Amino acid sequence: MTETPIELDKHRGMAAQKATDIRRVIAEVEANAKLLRDKQGVVEIEILGAPATSWPEAVAKARYVLNLYSAGLPATDTHHRDLVAAVLADLARLSGEST
């Protein structure tokens, strides 16, 4: 037995190495997606938990909901996507933000 680790990837074919790399990337993406869903749940509980105390807070909540809605729209629904973009632009303009 040797003290140095054996590089097993050298003994496998390229297809097997690529399949392993793909599995690793998919596992990482799934872990990141779960983390994002968990954080999203926390934000949504906070949004539901208390009313906005200022216009900037109300704008932030409206932006969040509009972005959720927009993300669920099919790519072909340009009419509703344009409506969401117009409302978000109005919110930015009226809140004094530069776009």
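## Helix pairs and a small core: worked exercises

In this predicted model, helices α2 and α3 are roughly antiparallel to each other. Let's work through how that comes about, and then look at the rest of the chain.

**Exercise 1. Find how the axes of α2 and α3 are arranged, and which residues make the contact.**

*Solution.*
- Step 1: The two axes come within 10 Å and cross at roughly 165°.
- Step 2: Angles over 145 degrees count as roughly antiparallel, so α2 and α3 fall in that class.
- Step 3: Their crossing is left-handed.
- Step 4: From α2, the contact takes V59, A62, R63, L66, N67, Y69 and S70, while α3 supplies H80, R81, V84, V87, L88, L91 and A92.
- Step 5: Sorted by class, this contact holds nine nonpolar, three polar and two charged residues.

**Exercise 2. Do the same for α1 and α2: state the angle, the orientation and the residues in contact.**

*Solution.*
- Step 1: Helix α1 covers residues 14-49, and its axis comes within 11 Å of the axis of α2, crossing at roughly 130°.
- Step 2: An angle between 115 and 145 degrees is neither roughly perpendicular nor roughly antiparallel, so α1 and α2 are oblique to each other.
- Step 3: The crossing of α1 and α2 is left-handed.
- Step 4: On the α1 side the contact is made by Q40, V43, E44 and I47, and on the α2 side by K61, Y64 and L68.
- Step 5: By class, the contact of α1 with α2 has four nonpolar residues, one polar and two charged.

**Exercise 3. Locate the largest nonpolar core and say which elements build it.**

*Solution.*
- Step 1: Five residues form the largest nonpolar core, namely V59, L66, V84, L88 and L91.
- Step 2: Two elements each give two or more residues to this core: α2, spanning 55-71, and α3, spanning 78-94.
- Step 3: The biggest share comes from α3, with three residues.
- Step 4: Now pick one core member, L88. Setting aside neighbours within four places in sequence, L88 is in contact with R63, L66 and N67.

**Exercise 4. Describe the chain as a whole: its elements, its buried share and its long-separation contacts.**

*Solution.*
- Step 1: Count the elements; there are three helices and zero strands.
- Step 2: Read along the sequence, the pattern is α-α-α.
- Step 3: Of the 99 residues in the chain, 11% are buried.
- Step 4: Take the contacts with a separation of 6 or more; residues 24 or more positions apart account for 31% of them.

Key:
Residues numbered from 1 in each chain as written. Predicted model: local features only at pLDDT ≥ 70, side-chain atom pairs only at ≥ 80, totals over all residues. Heavy atoms only, no water. Core = buried A, V, L, I, M, F, W, Y, C linked by side-chain atoms within 4.5 Å. Buried < 20%, exposed > 50% of the residue type's maximum accessible area, 1.4 Å probe, protein only. Helix = DSSP H or I, 4+ residues; strand = E, 2+ residues; numbered from the N terminus. Contact = heavy atoms within 4.5 Å. Axes fitted to C-alpha atoms, helices over the stretch in contact; angles between N-to-C directions. Parallel < 35°, antiparallel > 145°, perpendicular 65-115°, else oblique. Left-handed = near helix turned anticlockwise from the far one by under 90°. Nonpolar A, V, L, I, M, F, W, Y, C, P; charged D, E, K, R; others polar.
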